[in-house]
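Got your viewer ready? Load the model and follow along, one selection at a time.

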Amino acid sequence: MSNSHSDTIPLHASSQSDIDEIENLIHASVQSGPATVHPARPPSPPRASIPVSSSPFIQSNIPPPSSLSSSSSNQKVPSVPAAPPPPPPVGNSSSIVATGFGPPPNTLTEPVWDTVKRDLSRIVSNLKLVVFPNPYREDPGKALRDWDLWGPFFFIVFLGLTLSWSASVKKSEVFAVAFALLAAGAVILTLNVLLLGGHIIFFQSLSLLGYCLFPLDIGALICMLKDNVIVKVIVVCVTLAWSSWAAYPFMSSAVNPRRKALALYPVFLMYVSVGFLIIAID
Amino acid sequence: MDLSQPIEENYANPKTCFFHVFFKASALAFYILSALFADSFVIIFVITVVLSALDFWVVKNVSGRILVGLRWWNEINDQGESTWKFECLDQESLALINPKDSWLFWWTLYLNAACWTILGIFSLVRFQADYVLVVGVCLSLGIANIIGFTKCRKDAKKKIQAFATQTIASRVSSTIQSAFSIV
């Protein structure tokens, strides 16, 4: 019916655009929440799309990830097809690790071993970034983007244990004091930077200060093995300088240049006090 | 002989449930029993805190994913701001989650925090600052998980509602479309 067709065309177009507008609004509101939950959707586009292992870990009623991957395959990520066999987990975890930018899509169904390996490799990469000299390091303020607190936790406990071992008396007090000093010190130093008007994220700073304890850990270990005072002083001085050098770029880039010294001095002071603890323990 | 029904009501992931409870229970048990035996404080501290940290990791990365299909983490974006990201299974998989699993998950989280709070009160009353430290660490790990997963669940519900509204709206719009095209 060409008549009715021509009659309805203008109506159709306007109502079509209205309907389109409504749909766009709905789409926008669904996707624009600040902390929206994605059904295993991939993160923002600039990141590389990573093939994910879809081998199911769970032997349970929950269906294998093929249903998940089929729902996510029509999303932005072109990988994870449901049909072909899943690639081996080892290859995937290494490609996942390579980006180092937060968990890849569809981590909900990855095997546990993948998670462990990912976290361990994150610790190692953070350690390398923070502590070791790296001329190709990009803007230091952004280098510890992928913060984690496991490394600092291990280092603090290790330092406490080493100090406690080296002490001949009052082992428990030494450990408790060392742990409390380091933990509270890290929190207070972070607050210091924040109060000075610096731009640093709380957990990132905690993570950084924890990783910078690594040289002092080594120093404490050496001092435990070698009991000579002169050796201890030298070792502590060297590792102290290394720790402070490691912490310097991150802390200084976080604050106003005129307040750099105010932010860095307490960090140095804390490491000096830990150094004294190491020397004084016998 | 209705053997089929009990199978449905059992835990879907017994191994994960076991580990979920195991680390929490062993941390609590070790803390309570070793305080009775009055061992070296260092050993108590280290083992309790390590067990608590392991439990935190297991809950956040393994049992949260498998038992309730939720995951949360923190990311720092290019502008240097920290954002909390939440992830959940999609609609069909969420509906298939065993209710017993999720009941166990949430209740052990809450019970764990409650137990550590009570132990902390005991230590405070006895003025044992070092034990308060242990309890403080374990409690903060437990509370972090509770807050993270609660936020994640709320976001999941919001997302499901939005999804449902979107589906309804798109259906309504397609019905309107088809109605207009018929006319």
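Is Lys157(B) buried or exposed? Select Lys157(B) and see: Lys157(B) is exposed, with a relative accessible area of 52% (buried means under 20%, exposed over 50%, partly exposed in between, with a 1.4 Å probe and protein chains only). Before moving on, note that this is a predicted model, where local features need pLDDT of at least 70, side-chain atom pairs count only at pLDDT 80 or more, and totals for chains, interfaces and linings use all residues. Residues are numbered from 1 along each chain as its sequence is written, chains are lettered from A in the order in which they are written, and side-chain values use heavy atoms, leaving out hydrogens and water.

Lys157(B) sits in helix α6 of chain B, residues 129-182 (helices are DSSP runs of H or I, at least four residues, numbered from the N terminus).

Stay in that helix and pick Ser140(B). Ser140(B) is partly exposed, at 42% relative accessibility. Now add Ala113(B): its C-alpha atom is 8.6 Å from that of Ser140(B), though the two residues are 27 apart along the chain.

Next, try two cysteines. Cys138(B) is buried, with a relative accessible area of 1%, and Cys152(B) is buried too, at 0%. Looking for disulfides (pairs of cysteine sulfur atoms within 2.5 Å)? A search of the whole structure, over all chains, turns up zero.

Last stop: chain A. Select Ile188(A), which lies in helix α7, residues 171-195. Ile188(A) is exposed, with a relative accessible area of 55%.

How values were computed. Helices (H or I, at least four residues) and strands (E, at least two) are DSSP runs, numbered from the N terminus. A disulfide is a pair of cysteine sulfur atoms within 2.5 Å.
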